[in-house]
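Biologist: I've got a model open and I'd like to talk through one of its sheets and what packs around it. Can you take me through it?

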Amino acid sequence: TAPYAYLWSTGATTANITNLDSGVYTVTVTDSHSCTKTGSVVISVSGSNPTNYCASSGTPWVDWITNVKLNTINNASDKALYTFYNNVSTNLNTGTSYTITLNNGFSWQTFDMYWKVWIDYNRNGSFEDPAEVAYSGILPAPPLGSAGGTKVGTVLVPVTADLGITRMRVSL
């Protein structure tokens with residue numbers, strides 16, 4: 001029964017809200033008899049692409065990433081402190097698991113290698129959310145003199161992941 005009161009997850013109290021970024025928005029509507037109904041909507045803003053990612057670097061003199069495979073990505077890389085592959089992409093579906101294969105090279109010594117992969121699922125330009133660690137694992141040191149090693153794992157894209165273009169970071 002009218003009149004209605006609105007309370008959005010953004011704090012807005014109007015019937016309509018505008019200028020939204022991609023995300024999940026919830027509204028609770030209360031009528032004149034204090035009856036409430038809550039609903040949610042997923043907004044995907046096409047074309048918005050975070051670009052404010054912080055730089056990352058490593059020390060590739062003993063070990064380095066040589067290849068990353070995820071869905072249609074099969075990207076070889078060389079010995080470098082950090083490499084930005086903004087021309088490499090793939091499409092991933094929410095609620096779906098994908099195999100990730102990580103390869104590394106060694107110069108002369110071998111060590112246990114700790115891998116970590118982040119995907120900016122909420123597309124906020126940051127990899128700080130613990131839920132954005134898409135994969136982590138340890139590759140035991142291969143025998144001395146080995147050219148490299150391979151670690152295979154699984155990435156599960158959460159159903160709550162924001163739709164659209166985002167970034168992945170792979171660190172060794």
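**A sheet and a core**

Modeller: Sure, and keep in mind that this is a predicted model. Let's start with a pair of strands: S7, residues 113-119, runs antiparallel to S8, and six bridges join them.

Biologist: Which strands are at the edges of the three-stranded open sheet?

Modeller: Read the order across the sheet, which goes S8-S7-S10 with antiparallel pairing. An edge strand here pairs on one side only. That gives us S8 (133-139) and S10 (168-171).

Biologist: Which residue in S8 does Trp115 stand opposite?

Modeller: Go back to the S7 and S8 pairing, with its six bridges. Look across to S8 from Trp115, and the residue standing opposite is Gly137.

Biologist: Is Tyr114 buried, partly exposed or exposed?

Modeller: Tyr114 lies in strand S7, and it touches Ser136, Gly137, Ile138, Ser171 and Leu172, leaving aside residues up to four places away in sequence. Still, contacts don't settle the question, so we go by relative accessibility: buried means under 20% and exposed over 50%. Tyr114 comes in at 44%, so it counts as partly exposed.

Biologist: Which elements give two or more residues to the largest nonpolar core?

Modeller: That core has 18 residues, and Trp115, Tyr135 and Val155 are among those with the most contacts inside it. Val155, for one, touches residues including Ile100, Tyr121 and Tyr135. In soluble globular proteins, nonpolar side chains tend to be buried together. The elements you're after are S4 (63-70), S6 (97-106), S7 and S8.

Terms used
Residues numbered from 1 in each chain as written. Predicted model: local features only at pLDDT ≥ 70, side-chain atom pairs only at ≥ 80, totals over all residues. Heavy atoms only, no water. Pairing = 2+ DSSP bridges. Helix = DSSP H or I, 4+ residues; strand = E, 2+ residues; numbered from the N terminus. Core = buried A, V, L, I, M, F, W, Y, C linked by side-chain atoms within 4.5 Å. Buried < 20%, exposed > 50% of the residue type's maximum accessible area, 1.4 Å probe, protein only. Contact = heavy atoms within 4.5 Å.
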